[in-house]
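Visitor: I have a model open and want to learn how to read its core and its cysteines. Where do we start?

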Amino acid sequence: MSKPRYSWWGYVKAIIRRYAPDQEQELHGVSLLENNAVRKAVSETKSMQDGEERLKFIRLVFWAKTHTLEGAAMAVNCSDRTARRWHTDFIKCVARNYGLLDD
């Protein structure tokens with residue numbers, strides 16, 4: 001069975017990359033909505049049992065941009081499959097918070 005293709009996938013990844021976790025910015029309009037979607041996803045992820053590891057993984061891949069998925073998986077000591085799942089879960093969480101996914 002094939003995976004569904006989402007037309008918004010690249011857009012949501014760009015939203016996550018633009019998010020600055022350590023900066024407070026004056027945002028308006030769409031930028032504010034995008035920022036709030038990522039901030040809420042970070043908060044939801046943090047409250048998970050393995051939330052700190054997930055956020056470290058997301059930080060390495062999206063914000064520090066120092067690791068590939070495989071490299072970040074090695075850095076947080078998880079399998080490639082788990083890393084791909086965390087990556088997908090976070091992107092879908094942001095999409096849901098932004099209103100692009102109805103799960």
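Guide: We take the core, then one helix, then the cysteines. Keep in mind that this is a predicted model.

Visitor: How many residues does the largest nonpolar core have?

Guide: A nonpolar core is a set of buried nonpolar residues joined through side-chain atoms. Here the largest one has 28 residues. Those with the most contacts inside it are Ile16, Val38, Phe57, Trp63, Phe90 and Val94. Helices 1, 2, 3, 4 and 5 each supply at least two residues of this core.

Visitor: Which residues does isoleucine 16 touch?

Guide: Leave out residues up to four places away in sequence, and isoleucine 16 touches Val38, Phe62, Trp63, Phe90, Ile91 and Val94.

Visitor: Which residues are buried in helix 3?

Guide: Helix 3 spans residues 51-63. Its buried residues are Gly51, Arg54, Leu55, Phe57, Ile58, Leu60, Val61, Phe62 and Trp63. Their cover includes helix 1 (9-18), helix 2 (29-46), helix 4 (69-75) and helix 5 (80-98). After helix 3 comes lysine 65, with a positive phi near 55°.

Visitor: Now the cysteines. How many disulfides does the count give?

Guide: A disulfide needs two cysteine sulfur atoms within 2.5 Å. The count here is zero.

Visitor: Why is cysteine 78 without a bond?

Guide: Because its closest cysteine sulfur, in cysteine 93, is 18 Å away, which is too far. Cysteine 93 is likewise in no disulfide.

Visitor: Are these two cysteines buried or exposed, and why?

Guide: Buried means under 20% relative accessible area. Cysteine 78 is buried because its value is 19%. Cysteine 93 counts as buried because its relative accessibility is 6%.

Key: Residues numbered from 1 in each chain as written. Predicted model: local features only at pLDDT ≥ 70, side-chain atom pairs only at ≥ 80, totals over all residues. Heavy atoms only, no water. Buried < 20%, exposed > 50% of the residue type's maximum accessible area, 1.4 Å probe, protein only. Helix = DSSP H or I, 4+ residues; strand = E, 2+ residues; numbered from the N terminus. Contact = heavy atoms within 4.5 Å. Core = buried A, V, L, I, M, F, W, Y, C linked by side-chain atoms within 4.5 Å.
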